[in-house]
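Colleague: I'd like to learn how to read the main features of a model like this one. Could you take me through it step by step?

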Amino acid sequence: MVKLNKIYTRTGDGGTAGLVDGSRVSKSSLRMTAIGEVDEANAAIGVVIATLTPGDLPEHLKGIQNDMFDLGADLATPGEVGLRIVASQVERLEHAIDAMNDELEPLQSFILPGGSDTVAALHLARTVVRRAERAAVALHEQEPLNPQLLAYLNRLSDLLFVTARYVAAKEGGDVLWRPGATRGD
C-alpha cells in the first residue's frame, strides 16, 4: 500500500519527476504527459460520479477509477516489472459495454455531447480519455508499453460513450446531430 507522509518533497522543483524505479524524467516528457492525461481522465470520471445518485453505476465507475490508478502505476514503471493492467480488466469493460449496449436502440445518427449534466460529463470524460489514449500511444511509439494498457484506454472511451447513451436513454434519449440543420438552406 502507498503511504504518503509528506506531500511536498522539493525533488521536482527542477522540472523532473520520479518514476517507480527511482529514475527521474522531465515533467514535459511523453511519459509524464501520458501520466498527467490519465490523472485528468480519472478526475473527469470523478465529476461524472458526483452527478450520480448512489447505485450500481457510480460504484462501477469508482472501480474504474481504481483501475486508472493501476494504469498510472503501469505508466510510471518503465520496463517489464511492476503493477500492470491485465486482460481481465479490459474484459470487464467489454462485458459492461455489451450489457448496456444490449438495452439500447441502434444508433441512427451521430450524438451531440450534451443532454443532462451526467450525460454531458460522461461525454467530456470520454474525450479526456481519448486524449490520454493519444498520449499513451505517442509514448508507445517511442518505447513499448503494456498492450493491455492501450487496450484499456481504448475500451474505456467506448464504455463512457455507451454509458452516456445508456443514461440518456433513461432520460428521454440521445441528442442527435441533424446534418446541416442550422444552415438555413
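Modeller: Gladly; we'll go from the overall fold to the core, the salt bridges and the surface. This is a predicted model, where local features need pLDDT of at least 70 and side-chain atom pairs count only at pLDDT 80 or more, while totals for chains, interfaces and linings use all residues. Residues are numbered from 1 along each chain as its sequence is written, and side-chain values use heavy atoms, with hydrogens and water left out.

Colleague: How many helices and strands are there in the protein?

Modeller: Helices (H or I, at least four residues) and strands (E, at least two) are DSSP runs, numbered from the N terminus. Here there are 5 helices and 2 strands, in the order β-β-α-α-α-α-α from the N terminus on. The C-alpha atoms fill a box of roughly 55 × 40 × 30 Å along the principal axes.

Colleague: What share of the contacts in the protein with a separation of 6 or more comes from residues 24 or more positions apart?

Modeller: A contact means heavy atoms within 4.5 Å. In this protein the share is 70%.

Colleague: And how do I read burial and the core?

Modeller: Nonpolar side chains tend to be buried together in soluble globular proteins. Buried means under 20% relative accessible area, exposed over 50%, and partly exposed in between (1.4 Å probe, protein chains only). By that scale, 38% of the 185 residues count as buried. A nonpolar core is a set of buried Ala, Val, Leu, Ile, Met, Phe, Trp, Tyr and Cys residues joined through side-chain atoms within 4.5 Å. The largest one has 48 residues, and I64, L75, Y152, L153, L156 and L159 touch the most other members. Two or more residues come from each of α1 (30–51), α2, α3, α4 and α5 (147–170), with α5 giving the most, 12 residues. Beyond its neighbours within four places in sequence, L159 is in contact with H60, I64, L93, A96, I97 and M100.

Colleague: Is D67 buried or exposed?

Modeller: D67 counts as buried because its relative accessibility is 5%. D67 sits in helix α2 (residues 56–75) and touches I85, Q89, R92 and Y152, not counting residues up to four places away in sequence.

Colleague: Which salt bridges should I look at?

Modeller: Side chains of opposite charge can pair when their charged atoms come close. A salt bridge is a side-chain nitrogen of Lys or Arg within 4 Å of a carboxyl oxygen of Asp or Glu, and the whole structure has 10 of them. One of them joins R131 and E37, with the closest N and O atoms 2.6 Å apart. That pair links distant parts of the chain, helix α4 and helix α1, 94 residues apart. E37, E40 and R131 are linked in a network of salt bridges. R155 and E94 also meet in a salt bridge, at 2.8 Å from N to O. Because R155 lies in helix α5 and E94 in helix α3, the pair ties together parts 61 residues apart in sequence. K62 and E59 pair at 3.3 Å; being 3 residues apart in helix α2, they are separated by about one helical turn.

Colleague: Which residues form a nonpolar patch on the surface?

Modeller: Patches are made of residues with over 30% relative accessible area and no salt bridge, with like charges joined within 9 Å and nonpolar side chains (Val, Leu, Ile, Met, Phe, Trp, Tyr) within 5 Å. Accessible areas come from the Shrake-Rupley method with a 1.4 Å probe; for residues, only the protein chains shown count as cover. Here F110, L112, V175 and W177 form the patch, with about 400 Å² of accessible area together. F110 lies in the loop between α3 (87–101) and α4 (117–142) and counts as exposed at 61% relative accessibility.
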